[in-house]
Amino acid sequence: MNRIALDLGIIQIYWYSIFMFLALLAGSIVVYKEFKKTKVDEEFFINLAFNIIIFGVIGARAYYVLFNLDYYLANPIEIFKIWNGGIAIHGGILAALIFTIIYCRKHKVYALKILDMLVVGLILGQAIGRWGNFFNGEAYGAVTSFAALQKLGIPEFVINGMYIMGEYRQPTFFYESLWCLFGFLAMLIVRKYKYLRRGQLTGFYLFWYGIERFAVEALRADSLMIGSVKIAQIVSVIFVFAGLYFMCIFKYKKEERKDTYYKGKTRYFETDDQGDLYLN
């Protein structure tokens, strides 16, 4: 598999970079359309989106480097070669989450409401971004056979691309990409539920992605590890329980119980000093 999409001599454009860009672009467009339905101004969105992308990429790279520290201490210049792959989505999610909470607290905006909009674009971006792993020959699973992959209905070009180190591998990137795409479509339906509460769409994302990543991670052969334990599976379990909490257990104040996501009046601001607080 050729990792380079375009060779201009002194500049080489990698497929990985292209798919990361497409993932960020598609996710941002989806989130922007969500913001347009609210009274939250455009400047708030632009500043939030710009910083989330920056902190998300830094967090994803730092997370990966942290769990491969011996290699990067010996080869420090490699830390900056992000086009070679080596970013971890959990690190990006964590960094983006921390920034979003701080940013929303500063502007007195309900962080869970904003997260409910962000996760719709996030899961679409994940579905697209996984194809960067395909061209980089990473995020693959255990050894299998061409015939076994054919029986699963996997496209032949994907199977051919999974011929790594002289053997066919499970295309775990493909499984995750499909699951995230289905998750995106499911969220487009779920968010229309009449009585969807603040935080429940975020909970759905955490549960949906947590279940998938735990299962797919069991198949992966290039996981980040702590001893004999796969880090992503630990995080996935946390995601699943956090998702169940926000979907089923999270309690609302009495005055917020009629605060639904798209139906009726939707409150985004925590205080009454923000002008028009409601989406009608």
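Modeller: In this model, helices are DSSP runs of H or I with at least four residues, strands are DSSP runs of E with at least two, and both are numbered from the N terminus. Residues are numbered from 1 along each chain as its sequence is written. The model is predicted, so local features need pLDDT of at least 70, side-chain atom pairs count only at pLDDT 80 or more, totals for chains, interfaces and linings use all residues, and side-chain values use heavy atoms, with hydrogens and water left out.

Colleague: How many helices and strands does the protein chain have?

Modeller: Ten helices and nine strands. Let's place one residue among them. R220 lies in the loop between α9 and β6 (225-226).

Colleague: What makes R220 count as buried?

Modeller: Its relative accessibility is 13%. Buried means under 20% relative accessible area, exposed means over 50%, and partly exposed is in between (1.4 Å probe, protein chains only). The 13% of R220 is under the buried cut-off, so R220 is buried.

Colleague: Which residues is R220 in contact with, leaving aside its neighbours within four places in sequence?

Modeller: They are R130, A139, Y140, G141, T172, R213 and K230. Contact means heavy atoms within 4.5 Å.

Colleague: Why is C104 called buried?

Modeller: The relative accessible area of C104 is 0%. C180 also has 0%, so C180 counts as buried too. Across the protein chain, 46% of the 280 residues count as buried.

Colleague: How many disulfides does the structure hold?

Modeller: Zero. A disulfide is a pair of cysteine sulfur atoms within 2.5 Å. No pair here meets that limit.

Colleague: Now the helix pairs. What makes α1 roughly antiparallel to α2?

Modeller: Helix α1 (residues 15-36) and helix α2 (residues 42-66) pack at about 155°, with axes 11 Å apart. That angle makes the pair roughly antiparallel. The rule is this: under 35 degrees is roughly parallel, over 145 roughly antiparallel, 65 to 115 roughly perpendicular, and the rest oblique. Axes are lines fitted to C-alpha atoms, for helices over the stretch in contact, and angles run from 0 to 180 degrees between N-to-C directions.

Colleague: What is the crossing of α1 and α2, left-handed or right-handed?

Modeller: α1 passes α2 in a right-handed crossing. A crossing is right-handed if the near helix is turned clockwise from the far one by less than a right angle, and left-handed if anticlockwise. L24, S28, V31, Y32, F35 and K36 of α1 touch E42, F44, F45, L48 and I53 of α2. By class, that contact has eight nonpolar, one polar and two charged residues. Ala, Val, Leu, Ile, Met, Phe, Trp, Tyr, Cys and Pro count as nonpolar, Asp, Glu, Lys and Arg as charged, and the others, Gly among them, as polar.

Colleague: Why are α9 and α10 called roughly antiparallel?

Modeller: Their axes cross at roughly 150° and come within 7 Å. The 150° is over the antiparallel cut-off, so the label follows. The crossing of α9 and α10 is left-handed. Among the α9 residues in the contact are F204, L206 and F207, and among those of α10 are V237, F239 and V240. The contact residues divide into 14 nonpolar, six polar and two charged.

Colleague: How do you know that α4 and α9 are roughly antiparallel?

Modeller: Helix α4 (residues 89-106) and helix α9 (residues 200-217) cross at roughly 160°, and their axes come within 13 Å. That angle also passes the antiparallel cut-off, so they are roughly antiparallel. Their crossing is left-handed. I89, H90 and I93 in α4 meet Y205, Y209 and R213 in α9.

Colleague: Why is V237 called partly exposed?

Modeller: V237 has 35% relative accessibility, so it falls between the buried and exposed cut-offs. V237 sits in helix α10 (residues 231-249). The C-alpha atoms of V237 and L206 are separated by 9.7 Å, and these residues are 31 residues apart along the chain.

Colleague: What makes the phi of K108 worth a remark?

Modeller: Most residues other than glycine have a negative phi. K108 is not a glycine, yet its phi is positive, about 55°. K108 is in the loop between α4 and α5 (111-136). M165 also has a positive phi of about 55° and is not a glycine. M165 is in the loop between β4 (163-164) and β5 (167-169).

Colleague: Why does M165 count as exposed?

Modeller: M165 has a relative accessible area of 60%, which is over the exposed cut-off. K108, at 35%, counts as partly exposed.
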